[in-house]
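Thanks for sharing this one with me. Here are a few notes to read with the structure open beside you.

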Amino acid sequence: MSTSTTASVSTHILDTSAGRPARGVAVRLAARAGRDTGWQALGGSATDADGRCKDLPALPEGTTHVRLDFAVEPYFATQQADAQQDAPANRDSGTGVFFPEVTVTFAVTPGEHYHVPLLLSPFGYSVYRGS
């Protein structure tokens, strides 16, 4: 939860190729205080049955930038048989996933909440600031 001196972050993932939430995707959270400082790993979580991470760590006071790292390759490896049966990789002997990881970095302001949905497929993704 955000306070007047900290921001807060939440996320969820929708597998657009399967038309459902992406369950079991590992998500790591890191923060930094300023463009010229190093990243501090804060921990992580995994998406639940609704594709949401409900227990991401709180951001430290002074955070100005946040990084979310999504480990999507293991998700697609387990989903290949079910959700991806008609994906081009299965038809054309491809690797099955073009982006094995997705990293999203964004600036934050104290007191604000940032919900960052990831729309995912084996060959592309998009993110946006949600509500």
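1. Ring pairs join Phe98, Phe99 and Tyr125 into a cluster, so look for those side chains to begin with. Keep in mind as you go that this is a predicted model.

2. The count of aromatic pairs comes to four. Tyr75 and Phe76 make an edge-to-face pair, with 5.0 Å from centre to centre and 65° between the planes. Tyr75 counts as buried because its relative accessibility, 3%, is under the 20% cut-off. Phe76 is buried too, at a relative accessible area of 1%.

3. Another aromatic pair is formed by Phe106 and Tyr114, and this one is tilted: the centres are 6.1 Å apart and the planes are 40° from each other. Phe106 is buried at 14% relative accessible area, and Tyr114 is buried at 6%.

4. Now for the sheet. Four strands make an open, antiparallel sheet in the order β4-β3-β6-β7. The edges belong to β4 (40-46) and β7 (101-107); each has a single partner strand, so one side of each lacks a neighbour in the sheet. From one strand to the next, the twist averages 20°.

5. How many bridges link β6 and β7? Strand β6 (residues 65-71) pairs with β7 over seven bridges, in the antiparallel sense. As a landmark, find His65, which stands opposite Ala107 in β7.

6. What lies across β6 and β7? That is helix α1 (residues 72-79), which runs at about 25° to β6.

7. One last contact to find: the charged end of Arg67 sits over the ring of Trp39, 4.7 Å from the ring's centre.

Methods
Residues numbered from 1 in each chain as written. Predicted model: local features only at pLDDT ≥ 70, side-chain atom pairs only at ≥ 80, totals over all residues. Heavy atoms only, no water. Pairing = 2+ DSSP bridges. Helix = DSSP H or I, 4+ residues; strand = E, 2+ residues; numbered from the N terminus. Axes fitted to C-alpha atoms, helices over the stretch in contact; angles between N-to-C directions. Contact = heavy atoms within 4.5 Å. Phe/Tyr/Trp six-rings, centres within 6.5 Å; stacked < 30°, edge-to-face > 60°. Buried < 20%, exposed > 50% of the residue type's maximum accessible area, 1.4 Å probe, protein only. Lys NZ or Arg CZ within 6 Å of the ring centre and 35° of its normal.
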